[in-house]
Structures are given as C-alpha cells and as structure tokens.
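Hi,

Here is the model I promised to pass on. Have a look at it first, and then read my notes underneath.

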Amino acid sequence: RAEGGQLGFPEDVINAHIEARELNDTCVCEPLLVSFAHAASSGSEVVRLVQVGCGDVHSVALDLQGKVWSWGWGEFGQLGLGFSSASYELGLG
C-alpha cells in the first residue's frame, strides 16, 4: 500500500500507476525503481542501501556511507527530521 508515502514514490507517480492500471486502491502491485533524487542532484554516486526498516506508513534506510534516509508519513516525528509532517519525497534525516 502507498497511502502514506512509505514506498518512497512522489504522489504523482503513485497516482499515475493507479490510473494506468485502473486500480481502486493505493496498492503498488509490481516493483518500481525508487530514485534518490537528492543524491543524483548533488552529483553523488548511486545510493547503495545496506539496511531498511519499515513502519506502517514510513520507511528508513541506512546506506553504505552511513547516511540515514527516511520517507513516508512523519506526523509523530518518526522520520527523524526534527519536525512533524508527511513527506512523499525521499528525505535525508
């Protein structure tokens, strides 16, 4: 399910996926590539994840460089960004 951004896709990508497949739910039923745009825009190498943890509507990952990435619904601060809100974009915590 993708109702809280926990899959790491922007809302427009999720909506396009649902519309193209004529789905009645926020389910992403096939693998899709998650793009770490922050890394690409800063000229960094490919992000290589070594560990991932998932909550009900948020996800957190540790990359090979020791950076922590978080995304999804952060209403209670679970993204570790220092504020509470929902983010459909990948963020660096």
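Below is what I found, going from the helix to the hairpin and then on to the loop after it.

Keep in mind that this is a predicted model.

Let's begin with α1, which covers residues 11-20. Its buried residues include I14, H17 and I18. Viewed down the helix axis, the buried residues of α1 sit within an arc of 95 degrees, so they line one face of the helix. That fits the usual geometry: an α-helix has 3.6 residues a turn, so residues three or four places apart point the same way. On the face of α1 turned away from the buried side you'll find D12, E19 and A20, which are exposed.

What follows α1, and what is the sign of its phi? It is E22, with a positive phi near 50 degrees. This caught my eye, as E22 is not a glycine. For background, most residues other than glycine have a negative phi. E22 belongs to the loop that runs between α1 and α2, the latter being residues 37-41. Its relative accessible area is 70%, so E22 counts as exposed.

Next, the strands. β1 (residues 49-54) pairs with β2 (residues 58-63) in the antiparallel sense, over five bridges. The connection from β1 to β2 is a hairpin, made through three residues. If you want a pair to orient yourself by, look at C54, which stands opposite S59 in β2.

H58, also in strand β2, is worth a click. Is H58 buried or exposed? Its relative accessibility is 17%, and the cut-off for buried is under 20%, so H58 counts as buried. Which residues is H58 in contact with, once its neighbours within four places in sequence are left aside? They are Q6, G53, W71, G72, W73, Q78 and L79. Of these contacts, G53 lies in β1, which spans residues 49-54, while W71, G72 and W73 fall in β3, residues 68-74.

Last stop: the loop between β2 and β3, where Q65 is found. With a relative accessible area of 66%, Q65 is exposed. Q65 can also be placed relative to L49: the two are 16 residues apart in sequence, and their C-alpha atoms are 8.9 Å apart in space.

If you open just two spots, I'd suggest E22 with its positive phi and H58 with its list of contacts.

Cheers

How values were computed. Residues numbered from 1 in each chain as written. Predicted model: local features only at pLDDT ≥ 70, side-chain atom pairs only at ≥ 80, totals over all residues. Heavy atoms only, no water. Helix = DSSP H or I, 4+ residues; strand = E, 2+ residues; numbered from the N terminus. Buried < 20%, exposed > 50% of the residue type's maximum accessible area, 1.4 Å probe, protein only. Pairing = 2+ DSSP bridges. Contact = heavy atoms within 4.5 Å. Arc of directions from axis to C-beta.
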